[in-house]
Amino acid sequence: MTNSLVSEIESGASLLLRELLACLPLGIAITDRDGQILQVNGAFSALTGYQAHEVTGKHLEFIASPRLPNPDAAPGAESWGQRRDGSLFPRHQVLHPVNGQDGALAHQIAVISDLTKHKQDESHIERLAYYDELTGLPNRQFLLQQLAGVIEREQRENTTCAVLLIDLDRFKTFNDSLGHSAGDVILKEAARRIESAIRRSDTVSRQGGDEFIAVLSQLHGPEDAAIVANNILAAMAKPIPVGQHQLTITPSIGISLFPHDANTPESLIRCADTAMYHAKEQGRNNFQYYTPVLNHRVQERMSLETALRGALLNGEFSLHFQPQIALDNGMITGAEALLRWRRSNGSWMPPDQFIPVAEDCGLIVPLGQWVLEEACRQRRQWNELGLPAFPIAVNCSALQFRQPAFKDQVVDTIAAHGLGPQHIELEITESVLMASPECAQSVLGELKALGIQVAMDDFGTGYSSLAYLKQFPVDRLKIDAAFIRGLDQDATSRAIVQSIISLGRSLGLSLVAEGVETQDMRLLLNQLGCDYAQGYGICHPLPAAQFEAWVRDLSSR
Ligand code: C2E
Ligand code: CA
Ligand code: CA
């Protein structure tokens, strides 16, 4: 039957069949057994833009897009087609083989349909199901699914995520008094601003009403969520123009953390909701964690940050100096500058507590520059007072070291105080190298070329490996106090110190022992071949004047 159909069409004998082909809404192409087109119908021409005479004799696949592979996994049937004008369309094509009288393949009938409309409907349905029509943000449904996925990943990777529930303060009042279209303007603008305040990898969704939820994934700690919450508060602070009004809409934000507070999407949202009510009780326009301890911690941290910024302006910082001596003859060979903060209330805040905060908020960059300036000023003064010309060692944070202008700033500051590269030494930790090895390598190379010495601080506590260290042109290793402490007690520390010393030797580096507290340690370190020492057993860090007296006393002995 099919065979006679083909020959009927080929011979053009059957008007009825021609009519049938012409009025079929599906594109039809009849080809020979190799796929060369013999005939196409009207729907084919409408679909592809090619008239019958333009395609006869061409291979069927010439309407396939040469550029794109199949759009979906649907095996073979769905692929991209290309119209005469070059535009692409999602194509569904089924090939029916037609055998000849001898039973061998003689023809093929290709039935082609355009899936554009179908695809549009699919994505429209998806939009309806997963997106909020007013703001274009994902909706609650989407969020729940996504949050489940995020939780799964955080569980696998042992990381933290946060749920921020953001509720606009007094939205109902605005909505009722100004009308719903004003309310819509506010919601759309709020959506845009919240979106701009979060990382691109995170999502914000609208829960309905004036409530939004942001999911923040892969946080380093609970404080990261506070940073984002602050960003949202800042983004919302600017008035929103609505008609002839300028409205200031503030949010109240509740924060819950996975796995700290809960471990399912629903319960995390519930915790965030509770926290959001606390934020309302606290007077709105603020954020609260579900866990009270975290609120306290973040509050302390924020006030510390504020105090730190003020401290630099108010001159609350000073430097103390701790000598380094040569183990063989006891002569002074250097001094480490150690930052001290005396708060306005008179209390001293240890650097271990405020340096990490200064690093987090970026204040370490201007603060570090202040330390460098102050160290240079002091060194210059001691030069003028005739103190021995030992270098002052300045600690540098990774963030400082990564500043593109870092090397120039060091060089300029040293020069501005009339000093040479021999007067200042830099101390860096392995984290400086780890953060971006290539950059560190080139900066270290430049510093070396300029004659500025660099010491590797806290050596032995990081990723120290011989192979690694070889790539970085440093001048000395400071053996971490933790190993020195155990020197006269446990064999492991002793073995570590010994191997660091021989490693340093083999790389041509000089060695400094930190935290040397006793005379016995000094002797032992000297025997082990360590060059220099620093620690309470020699001298505590001292304010400049006392340090100066110590040095004079030492030289006069
Ligand atoms: P660090 O660079 O390892 O500095 C040595 C620390 O060990 C100093 O603590 C010093 O007072 C202390 N120390 C010295 N001798 C002994 C000893 O015999 N026994 C013991 N137990 N400790 C000793 P400090 O001054 O509290 O500084 C702590 C850390 O703060 C420093 O560790 C350094 O990482 C950072 N820091 C201090 N000043 C600066 C600075 O200006 N910039 C930067 N980025 N970090 C600084
Ligand atoms: Ca140091
Ligand atoms: Ca150290």
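A residue is called buried when its relative accessible area is under 20%, and exposed when that area is over 50%. With that cut-off in mind, this briefing turns to a predicted model of a chain with 557 residues, of which 46% count as buried. One residue, Glu514, is then followed in detail.

**Overall form**

- The chain holds 22 helices and 22 strands.
- The radius of gyration of the chain is 37 Å, whereas the globule rule gives 24 Å for 557 residues, and because the value for the chain is well over that figure, the chain is more spread out than a compact globule.
- Taken along the principal axes, the box filled by the C-alpha atoms is roughly 125 × 70 × 45 Å.

**Contacts, surface and charge**

- Among the contacts in the chain with a separation of 6 or more, 61% are between residues that stand 24 or more positions apart.
- The chain exposes an area of about 27,600 Å², and carbon and sulfur atoms supply 52% of that area.
- The chain carries 46 positive and 65 negative charges, and the mean positions of these two groups are 4 Å apart.

**A look at Glu514**

- Glu514 is found in the loop that runs between strand β20 (510-513) and helix α21 (519-528).
- The relative accessible area of Glu514 is 10%, and because this is under 20%, Glu514 counts as buried.
- When neighbours within four places in sequence are left aside, the residues in contact with Glu514 are Asp457, Asp458, Lys478, Ile479, Asp480, Ala481, Ile484 and Gln534.

Definitions and conventions: Residues numbered from 1 in each chain as written. Chains lettered and ligands numbered in written order. Predicted model: local features only at pLDDT ≥ 70, side-chain atom pairs only at ≥ 80, totals over all residues. Heavy atoms only, no water. Helix = DSSP H or I, 4+ residues; strand = E, 2+ residues; numbered from the N terminus. Rg over C-alpha atoms; globule rule 2.2 N^0.38 Å. Buried < 20%, exposed > 50% of the residue type's maximum accessible area, 1.4 Å probe, protein only. Contact = heavy atoms within 4.5 Å. Areas by Shrake-Rupley, 256 points an atom, 1.4 Å probe, with all protein chains shown as cover. Lys, Arg positive; Asp, Glu negative; His and termini not counted. Charge placed at Lys NZ, Arg CZ, Asp CG, Glu CD.
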